[in-house]
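Q: I have a chain open and want to go through a few spots in it. Can you take my questions as they come?

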Amino acid sequence: MDVMTKAEVDKVQRIALEAKPIRPRDAATLILLDRKGDEFLVLMGRRHARHAFMPGKFVFPGGRTDPADSRIPVATALHHEEQARLTAGVGRTSPARARAIALSAIRETYEEAGLLIGQKGAFATTRRDWQGFAEHGVRPSLEALRFIARAITPPNRVRRFDTRFFSAWRDDVAVELPDGGPTNELEELVWLPLAKAREADIPDITRAILEELEKRLVDDPLLRPGGSVPFYRLVRNRFVREIL
């Protein structure tokens, strides 16, 4: 019987490890809405061409969740129905983790778009990522967020994210910085009608989420708490759409 050397065993284990799908990281995106008459508009920005992930694509502000976001003080908490849906579905999403995910959507919207969602008032934190809120006297607020959709990047991708899509209204912005956010990750920010946004150079999942949002706005133009949340993921090599 052939016996494998330690080097051969290590090589096999390394190959097996490399073949194992990357675990998706928590991420959050914010779809900021405005209304002009009967028309709904969404805020989108174009990613820099130098970005390794989706270069040149139009996207909503968003990014990875920092677990420390859960410890940021807020003016108002998530609506209980929104929290219930955030903690539902596959994976173990505790209330603290749900809070961090929601807050990361607000933080990323500030960093990428220069928009601070919350209420005017004294705010103090030692977290560098949140210093903009302290400087401009804005207390982050979660009550206005609506959980719109969830999507997990398929396996065998270089980057995988478990993304929660939120929405809020432009009126929920307490401060709008004229020069945009500090990271300058988005080359241009534009308000687009929903129909035109779907025709822009956007990822397929973004287009699907916009279609979901448009249908929901027809039934509930105020986006009341507790609406159904579509969840997109790959199961046995087949994309499925579930409802949370």
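Q: Where does Gly-180 sit?
A: This is a predicted model, and in it Gly-180 falls in the loop that runs between E9 and strand E10 (186-193).

Q: Is Gly-180 buried, partly exposed or exposed?
A: Its relative accessible area is 21%. Gly-180 counts as partly exposed because the cut-off for buried is under 20%.

Q: What does Gly-180 touch, leaving out residues up to four places away in sequence?
A: Ala-113 and Gly-114. The C-alpha atoms of Gly-180 and Ala-113 are 4.9 Å apart, although 67 residues separate the two along the chain.

Q: Which helix does Ala-113 belong to?
A: Helix H3, which spans 95-113.

Q: Stay on that helix. Where is Arg-107, and is it buried or exposed?
A: Arg-107 is in helix H3. Arg-107 is buried, at a relative accessible area of 4%.

Q: What is around that side of things, beyond sequence neighbours of Arg-107?
A: With neighbours within four places set aside, Arg-107 is in contact with Arg-64, Thr-65, Asp-66, Asp-69, Asp-129 and Trp-130.

Q: On to the nonpolar interior. Which residues of the largest nonpolar core touch the most other members?
A: Leu-30, Leu-32, Phe-133, Leu-142, Leu-145 and Phe-166, out of 35 residues in that core. Two or more residues each come from E1, helix H3, strand E5 (115-120), E7, E8 and strand E9 (173-176). H3 gives the most, with 8 residues.

Q: Why would nonpolar side chains gather like that?
A: In soluble globular proteins, nonpolar side chains tend to be buried together.

Q: Take Leu-32. What is it in contact with, sequence neighbours within four places aside?
A: Leu-32 is in contact with Leu-41, Val-42, Leu-43, Leu-115, Ile-117, Ala-168, Trp-169, Arg-170, Val-173 and Trp-191.

Q: What other core lies apart from the largest one?
A: Another one, of 23 residues, including Met-44, Phe-60, Ala-200 and Ile-202.

Q: Pockets next. What is the volume of the second largest?
A: About 320 Å³. The lining has 19 residues, and those closest to the pocket's centre are Pro-24, Val-90, Arg-150, Ile-152 and Asp-162.

Q: Which elements give two or more residues to that lining?
A: Strands E1 (25-36), E7 (146-152), E8 (161-169) and E11 (230-235).

Q: And how does the lining divide by residue type?
A: There are 10 charged, 6 nonpolar and 3 polar residues in it.

Q: Backbone now. What is phi of Leu-223, and where is that residue?
A: Phi is near 50°, a positive value in a residue other than glycine. Leu-223 lies in the loop between helix H6 (204-219) and E11. Leu-223 is buried, with a relative accessible area of 2%.

Q: What about phi of Asn-237?
A: Near 60°, again positive and not in a glycine. Asn-237 is in the loop between E11 and strand E12 (238-243). Its relative accessible area is 74%, so Asn-237 counts as exposed, the cut-off being over 50%.

Q: Last, the whole chain. How many helices and strands?
A: 6 helices and 12 strands. Of its 244 residues, 46% count as buried.

Q: How much surface does the chain expose?
A: About 13100 Å², with carbon and sulfur atoms supplying 50% of that.

Q: And what share of contacts between residues at least 6 apart in sequence joins residues at least 24 apart?
A: 68%.

Key: Residues are numbered from 1 along each chain as its sequence is written. This is a predicted model: local features need pLDDT of at least 70, side-chain atom pairs count only at pLDDT 80 or more; totals for chains, interfaces and linings use all residues. Side-chain values use heavy atoms; hydrogens and water are left out. On a 1 Å grid over the protein atoms alone, a cavity is a set of points where a 1.4 Å probe fits but cannot get out, and a pocket is an open set with protein on both sides within 12 Å along at least five of seven lines; lining residues have an atom within 4 Å of a point. Grid points are joined across faces, edges and corners, and a volume is the space filled by probe spheres set on the points. Helices (H or I, at least four residues) and strands (E, at least two) are DSSP runs, numbered from the N terminus. Ala, Val, Leu, Ile, Met, Phe, Trp, Tyr, Cys and Pro count as nonpolar, Asp, Glu, Lys and Arg as charged, and the others, Gly among them, as polar. A nonpolar core is a set of buried Ala, Val, Leu, Ile, Met, Phe, Trp, Tyr and Cys residues joined through side-chain atoms within 4.5 Å. Buried means under 20% relative accessible area, exposed over 50%, partly exposed in between (1.4 Å probe, protein chains only). Contact means heavy atoms within 4.5 Å. Accessible areas come from the Shrake-Rupley method with a 1.4 Å probe; for residues, only the protein chains shown count as cover.
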